[in-house]
Amino acid sequence: MQQAIFRAIRAIPRGRVAAYGEVASRAGLPGRARLVGRVLRESPASAKLPWHRVLRADGRLAFPEDSVPHAEQRKRLSREGVELLSGRVPRRFFAWRDVELDEALWGPR
DNA sequence: AGCGTGACAAGGT
DNA sequence: GACCTTGCCACGC
């Protein structure tokens, strides 16, 4: 099951991000976002996961703003062209967002 | 067993 | 947006 979570995380394209809940759903574990967080927390660096692409649904990073890990994650994202605005990653950087519904409601772009 | 806690989410005010 | 509340689930005490 941890494997499913790893797969979902590795499936996030470079330069894009995904919310914990999204990852959980894509791993076949809807409603278990916290599990994703716990698995991530306990995964060794050797797992070589793009962990920095996983963040909260509202675009904020899970780590406290003043923390070292937060800075590290922000740096890694920045290196892929993902910048935070007002402390959060804009919706346009989210992978797997329901583009069709967005366009139906708000029009293309 | 009960309860607080957490790399969370969604809905309401 | 900021907060709160509720739902969720695994852990540790």
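## A tour of the protein and its two DNA strands

Start at Arg 41: an N or O atom in its side chain sits 3.1 Å from a phosphate oxygen of DNA strand B. Keep in mind that this is a predicted model.

**Stop 1: DNA strand B**

Stay with DNA strand B and select the residues around it. There are 13, and the closest are Tyr 20, Arg 34, Arg 41, Arg 56 and Ala 57. Now look at the DNA side of this meeting. Of the strand B atoms that come within 4 Å of the protein, 42% belong to sugar and phosphate.

Pick Gly 21 next. Here the backbone does the touching: one of its N or O atoms is 3.1 Å from a phosphate oxygen of DNA strand B. Then move to Arg 34. What does its side chain approach on DNA strand B? A base nitrogen, which lies 2.2 Å from a polar side-chain atom of Arg 34.

Color the surface near DNA strand B by class. You should find 8 nonpolar, 2 polar and 3 charged residues.

Which helix gives the largest share of this surface? Select α3, which supplies 5 residues. Helix α3 covers residues 33-42. Helix α2, residues 20-26, also supplies at least two residues.

**Stop 2: DNA strand C**

Switch to DNA strand C. Select Arg 32, Arg 34, Arg 38 and Arg 88, the residues around this strand. By class, the surface here has 4 charged residues, with no nonpolar and no polar ones.

Which parts of DNA strand C come within 4 Å of the protein? Sugar or phosphate makes up 94% of those atoms, and bases make up the rest.

Now zoom in on the arginines one by one:

- Arg 32: a polar side-chain atom is 2.3 Å from a phosphate oxygen of DNA strand C.
- Arg 38: an N or O atom of the side chain is 2.8 Å from a sugar or linking oxygen of DNA strand C.
- Arg 88: its side chain also has an N or O atom by a sugar or linking oxygen of DNA strand C, at 3.2 Å.

Arg 34 has appeared at both stops: it is listed around DNA strand C and among the closest residues to DNA strand B.

**Stop 3: α1 against α3**

Hide the DNA. Show helix α1, residues 2-10, together with α3. Their axes come within 11 Å and cross at roughly 90 degrees. The two helices are therefore roughly perpendicular to each other.

Show the side chains where they meet. From α1, select Gln 2, Ile 5, Phe 6 and Ile 9. From α3, select Leu 35, Val 36, Val 39 and Leu 40. This contact has 7 nonpolar residues, 1 polar and no charged.

Technical notes:
Residues are numbered from 1 along each chain as its sequence is written. Chains are lettered from A and ligands numbered from 1 in the order in which they are written. This is a predicted model: local features need pLDDT of at least 70, side-chain atom pairs count only at pLDDT 80 or more; totals for chains, interfaces and linings use all residues. Side-chain values use heavy atoms; hydrogens and water are left out. A residue is near a molecule or strand if one of its heavy atoms lies within 4 Å of it. A polar contact is a pair of N or O atoms within 3.5 Å; within protein, one must be able to donate a hydrogen and the other to accept it, and residues adjacent in sequence count only if both atoms are side-chain atoms. Ala, Val, Leu, Ile, Met, Phe, Trp, Tyr, Cys and Pro count as nonpolar, Asp, Glu, Lys and Arg as charged, and the others, Gly among them, as polar. Helices (H or I, at least four residues) and strands (E, at least two) are DSSP runs, numbered from the N terminus. Axes are lines fitted to C-alpha atoms, for helices over the stretch in contact, and angles run from 0 to 180 degrees between N-to-C directions. Angles under 35 degrees count as roughly parallel, over 145 as roughly antiparallel, 65 to 115 as roughly perpendicular and the rest as oblique. Contact means heavy atoms within 4.5 Å.
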